[in-house]
Amino acid sequence: MTAEASTTSVRVALGDRAYDILIGRGLLQDAGQAIAKRLPKVRAAVVTDATVGALHLGTLTDSLTAAGIPSVPIEIAPGEASKNFATLEVVTRAILAARLERGDIVIALGGGVVGDLTGFAAAIARRGMRFVQIPTSLLSQVDSSVGGKTGINTAEGKNLVGAFHQPDLVIADTGVLDTLSPREFRAGYAEVAKYGLIDDPAFFAWLEQNWQGILSGGPEREHAVATSCRAKAKVVAADEHETGERALLNLGHTFGHALESATGYSQRLVHGEGVAIGMVLAHQFSARMNLCSPDDGVRVEAHLRSVGLPTRLSDVPGGLPDAEDLMQRIGQDKKVSRGTLTFILTHGVGQAFIAKDVPPAAVQAFLTEKLAD
């Protein structure tokens with residue numbers, strides 16, 4: 001491999017379903033060889049969107065051909081709106097029309113939308129096909145491509161229909177991140193910061209000092225991606241189906257998903273931006289409940305704002321519904337259990353915990369105040 005010397009490998013330890021995350025620059029041009037090494041004599045469907053396909057599909061297809069892997073492309077429209085039943089049907093039927101067998105592979109080439117949708121299609125086509133993630137956004141490289149969560153959105157909420165379906169391999173070419181818009185890259189950075197805020201205060205402090213190198217594409221970028229993937233791999237190996245501590249990975253997501261729903265999963269607020277606001281709100285609400293110092297929320301907001309992320313409800317363009325409406329959306333969150341609210345709250349930077357039976361009245365009063373800020 002031309003990029004082998006600079007490749008970092010992170011193992012997701014899941015017994016006989018364990019797999020590697022390969023991280024480094026230039027890996028896309030060698031993806032076929034990496035796949036053939038682990039999954040010999042397969043054919044492939046490559047699912048991508050029009051934007052990513054124009055940039056990277058040719059490189060991947062050439063790599064697959066050189067490795068002796070025949071492939072068929074399946075293109076979807078870019079954006080969160082494609083994570084729906086209609087597009088799922090299109091992708092699944094295209095896989096079947098290509099006459100791929102259960103032992104063949106489905107490759108997701110794209111960001112979180114492509115990865116989630118493709119993974120779900122792979123989980124249900126022929127009752128489960130092999131699956132390879134090639135994430136092309138920072139957000140998908142450090143979060144959604146790892147761990148086997150797949151799914152689509154519905155009118156009732158985000159990712160409420162899906163399946164756990166682990167990939168056989170994840171290839172994270174950090175060089176392709178150079179093609180992202182500044183907004184997309186910053187949105188992904190929110191998920192990087194999340195790992196420090198959950199249980200690694202030293203990593204968060206490192207991010208405060210080195211975030212500019214991550215954005216500019218220096219060696220800090222590979223370190224941040226690898227650190228994030230190691231953190232997620234450790235959690236997934238311990239709690240694959242989110243019955244316990246894996247829920248910590250949802251820090252900021254309960255608020256964030258409600259905001260995404262309220263903005264119609266549109267470009268008004270992309271996922272990472274919702275998470276950024278949600279993480280600030282989680283720290284502020286924790287302080288309101290006397291669980292941490294108000295200074296923690298100030299610190300988190302200051303860092304995310306310095307990176308260029310939205311941090312307040314008033315930063316959402318076009319306005320938001322009232323607190324009662326947001327509470328209805330929060331009530332659809334996957335962490336709700338028998339009607340009671342579960343939030344990921346914190347005792348301080350790097351000290352997140354799972355809080356069950358959070359009083360809805362307290363959350364609604366908090367949101368009412370924040371909407372007025």
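A residue counts as buried when its relative accessible area is under 20%. That cut-off runs through this report on a predicted model.

**Helix 8 and its surroundings**

Helix 8 covers residues 219–238, 20 residues in total. From first C-alpha to last it reaches 29 Å, close to the 28 Å expected at 1.5 Å a residue. Which residues of helix 8 are buried? They are R221, E222, A224, V225, A226, T227, S228, C229, K232, A233 and V236. Charged side chains are on that list, including R221, E222 and K232. The cover over the buried residues includes two strands, strand 1 (8–12) and strand 2 (19–24). It also includes helix 5 (138–144), helix 6 (182–199) and helix 7 (201–216).

D143 belongs to helix 5. Its relative accessible area is 10%, so D143 is buried. Beyond four places in sequence, D143 touches E191, K194, Y195 and K232. K232 is itself one of the buried residues of helix 8.

**Helix 6 against helix 7**

How do helix 6 and helix 7 run relative to each other? Their axes come within 7 Å and cross at roughly 160°. Angles over 145 degrees count as roughly antiparallel, and the two helices are therefore roughly antiparallel to each other. The crossing is right-handed. On the helix 6 side, the contact involves F185, R186, Y189, V192, A193, Y195, G196, L197 and D199. Helix 7 contributes P201, F203, F204, L207, W211, I214 and L215.

**Nonpolar cores**

The largest nonpolar core has 71 residues. Within it, I35, L60, I107, I134 and Y189 touch the most other members. Helix 6 supplies the largest share of this core, 8 residues. Another core lies apart from it, with 22 residues, among them A258, F285, V316 and L326.

Y189 also takes part in the meeting of helix 6 with helix 7. Leaving out residues up to four places away in sequence, Y189 touches L138, L207, W211, I214, L215, H303, V307 and L309.

**Helix 9**

Helix 9 spans residues 253–262. Of its 10 residues, 10 are buried, so helix 9 is largely enclosed by the rest of the structure. The buried set is H253, T254, F255, G256, H257, A258, L259, E260, S261 and A262. A258 is also a member of the 22-residue core.

What do these residues pack against? Two strands take part, strand 8 and strand 10 (341–346). The helices are helix 6, helix 10 (271–288), helix 12 (323–330) and helix 13 (360–372).

K370 lies in helix 13. Its relative accessibility is 15%, so K370 counts as buried. Neighbours within four places aside, K370 is in contact with L281, Q284 and L313. G26 is 344 residues from K370 along the chain, and their C-alpha atoms are separated by 44 Å.

**Positive phi angles**

The table lists residues with a positive phi.

| Residue | Phi | Place |
|---|---|---|
| R99 | about 60° | loop between helix 3 (85–97) and strand 5 (105–110) |
| N159 | about 60° | strand 8 (residues 157–164) |
| G264 | about 70° | just after helix 9 |

R99 has its positive phi although it is not a glycine. The same holds for N159. Is R99 buried or exposed? Its relative accessible area is 66%, so R99 is exposed. N159 sits in strand 8, one of the elements that the buried residues of helix 9 pack against.

Conventions: Residues numbered from 1 in each chain as written. Predicted model: local features only at pLDDT ≥ 70, side-chain atom pairs only at ≥ 80, totals over all residues. Heavy atoms only, no water. Helix = DSSP H or I, 4+ residues; strand = E, 2+ residues; numbered from the N terminus. Expected span 1.5 Å × (residues − 1). Buried < 20%, exposed > 50% of the residue type's maximum accessible area, 1.4 Å probe, protein only. Contact = heavy atoms within 4.5 Å. Core = buried A, V, L, I, M, F, W, Y, C linked by side-chain atoms within 4.5 Å. Axes fitted to C-alpha atoms, helices over the stretch in contact; angles between N-to-C directions. Parallel < 35°, antiparallel > 145°, perpendicular 65-115°, else oblique. Left-handed = near helix turned anticlockwise from the far one by under 90°.
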